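Q: Before we look at any single feature, could you take me through how such a model is read, moving from the backbone to the packing and then to the empty space?

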Amino acid sequence: MTFESKFLSEPKTIAIVGCPFSGGQPKPGVDKGPIRLVEAGLIPQLEGLGWKVRFDGHHQFEEVNAENDPPIGILKNPRLVSRVCRSVADAVGGHAANGELPVTLGGDHSLAMGTISGTFSKHPDACVIWVDAHADINTLETTESGLWITTNDEPPANAYDANPGNIHGMPVSFLLGIGEKVEEFSWVKPVLDAQRLVFIGLRDVDAGEKKILKDNNIKAFSMHEVDKYGIGKVVEMALDHVNPQRDRPIHLSFDVDALDPSVAPSTGTPVRGGLTFREGHYICEAICETGLLVGLDLMEVNPSLADETSVQQTVAVGCSLLRSALGETLL
């Protein structure tokens, strides 16, 4: 194994947390992403890198009753999302407490409320590297600004938050503790300090989110910076900001829509002009090389939104990203 860690126990163990969940957004199918990733052979692939892999089956959240889940204000499926994310936080936190590396397979990105909360329960001094086309930092107030009006009741072509209230566009604000408080999410503590969060790959950010990023002095590298400096320099600058001494644990939360749709077409909110195959993998390889990774998410693989060839391509890329973050090298 080429993976070295300053925080994991021996023998080095990955705990796969499969989260077939779609309640944070309206498009069906993203709940099938984790299942397809495992069916593609992810577990033996990781074992082939020298890991001990623990996988107890996908979380089905049978105990979560969402039959009576009216909106809270504009938030959709708030009780379902809250209770599932809390369950995920408990699972991830338990694995982290055991010295294992939780690898969460989503599912939509609202789950990061749970994964990052779980990581920080063990590693309160951790930092977060969020790789995504979107900032996912809307608040209850700014998500309302996404309302759209058209004559044929169709959203704009590139409207990530055109149907406001979808919580997969909001997890970072909950983790930072900004915006109006919602009692149902009172369990989500503001564990994340703005100076220990960095974005890479942004290219579809709402006006309200841009203001939040600026007002809170949150470091973000859009695709403009990737083009300007190259991915190697961007990752170095990102680490210099959130982890200057290279001594803090790292949680990497990777949304596959950070990649260009030509690379990962089967996802719910694709935006052209994204990371190339190699740029995405370089991020994962560079984080692995630090030896500081303690939490890893791969989110928003949706097998229902493309033809089967494109689905297989996206699933294969997802597995490849995870392998790169967990020690696979080119040589």
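A: Helices and strands are DSSP runs, with at least four residues for a helix and at least two for a strand, and they are numbered from the N terminus. Please keep in mind throughout that this is a predicted model.

Q: With those labels in hand, where is Glu300 placed, and what is its phi?

A: Most residues other than glycine have a negative phi, and most peptide bonds are trans. Glu300, which sits in the loop between strand E8 (293–299) and helix H11 (308–325), has a positive phi of about 75° although it is not a glycine. Asn217 also departs from that pattern, with a positive phi of about 55° although it is not a glycine either, and its place is the loop between helix H7 (207–215) and strand E6 (219–222).

Q: Is Glu300 buried or exposed, and is Asn217 buried or exposed?

A: The cut-offs needed here are that buried means under 20% relative accessible area and exposed means over 50%. Glu300 has a relative accessible area of 3%, so it is buried, whereas Asn217, with a relative accessible area of 55%, is exposed.

Q: Which residues does a cis peptide bond join near strand E1, and what is omega there?

A: A cis peptide bond joins Glu10 and Pro11, with omega about -10°, and Pro11 belongs to the segment before strand E1 (13–19). The peptide bond from Gly106 to Gly107 is cis as well, its omega being near 20°, and Gly107 lies in the loop between strand E3 (101–106) and H4.

Q: How should I read the packing of H3 and H4, and at what angle do they pack?

A: Angles of this kind run from 0 to 180 degrees between N-to-C directions. Helix H3 (residues 78–97) and helix H4 (residues 112–122) pack at about 35°, their axes lying 7 Å apart, and H3 passes H4 in a right-handed crossing. On the H3 side the contact includes Val81, Cys85, Val88 and Ala89, while on the H4 side Met113, Gly114, Thr115 and Ser117 are among the residues taking part. By class, this contact has eight nonpolar, seven polar and one charged residues.

Q: With which residues is His251 in contact, leaving aside its neighbours within four places in sequence?

A: His251, in strand E7, is in contact with Thr115, Ile116, Thr119, Cys127, Val128, Ile129, Gly295, Leu296 and Asp297 once those neighbours are set aside. His251 has a relative accessible area of 1% and is therefore buried. His251 and His224 are 27 residues apart in sequence and, C-alpha to C-alpha, 24 Å apart in space.

Q: Turning to empty space, how much of it lies in the largest cavity, and how much in the second largest pocket?

A: Rolling a probe the size of a water molecule over the atoms shows where empty space is left. The count comes to one cavity of 30 Å³ or more, and the largest cavity holds about 30 Å³. Its lining consists of Leu252, Phe254, Cys284, Leu296, Asp297, Leu298, Leu321, Leu322 and Ala325, and the elements giving two or more residues to that lining are strand E7 (250–255), E8 and H11. By class, the lining of the largest cavity has eight nonpolar, no polar and one charged residues. The second largest pocket contains about 230 Å³ of space and is lined by 17 residues, of which Phe174, Glu180, Lys181, Val182 and Phe185 lie nearest its centre. The lining of this pocket divides into eight nonpolar, five polar and four charged residues.

Methods
Residues are numbered from 1 along each chain as its sequence is written. This is a predicted model: local features need pLDDT of at least 70, side-chain atom pairs count only at pLDDT 80 or more; totals for chains, interfaces and linings use all residues. Side-chain values use heavy atoms; hydrogens and water are left out. A crossing is left-handed if the near helix is turned anticlockwise from the far one by less than a right angle, and right-handed if clockwise. Contact means heavy atoms within 4.5 Å. Ala, Val, Leu, Ile, Met, Phe, Trp, Tyr, Cys and Pro count as nonpolar, Asp, Glu, Lys and Arg as charged, and the others, Gly among them, as polar. On a 1 Å grid over the protein atoms alone, a cavity is a set of points where a 1.4 Å probe fits but cannot get out, and a pocket is an open set with protein on both sides within 12 Å along at least five of seven lines; lining residues have an atom within 4 Å of a point. Grid points are joined across faces, edges and corners, and a volume is the space filled by probe spheres set on the points. Buried means under 20% relative accessible area, exposed over 50%, partly exposed in between (1.4 Å probe, protein chains only).
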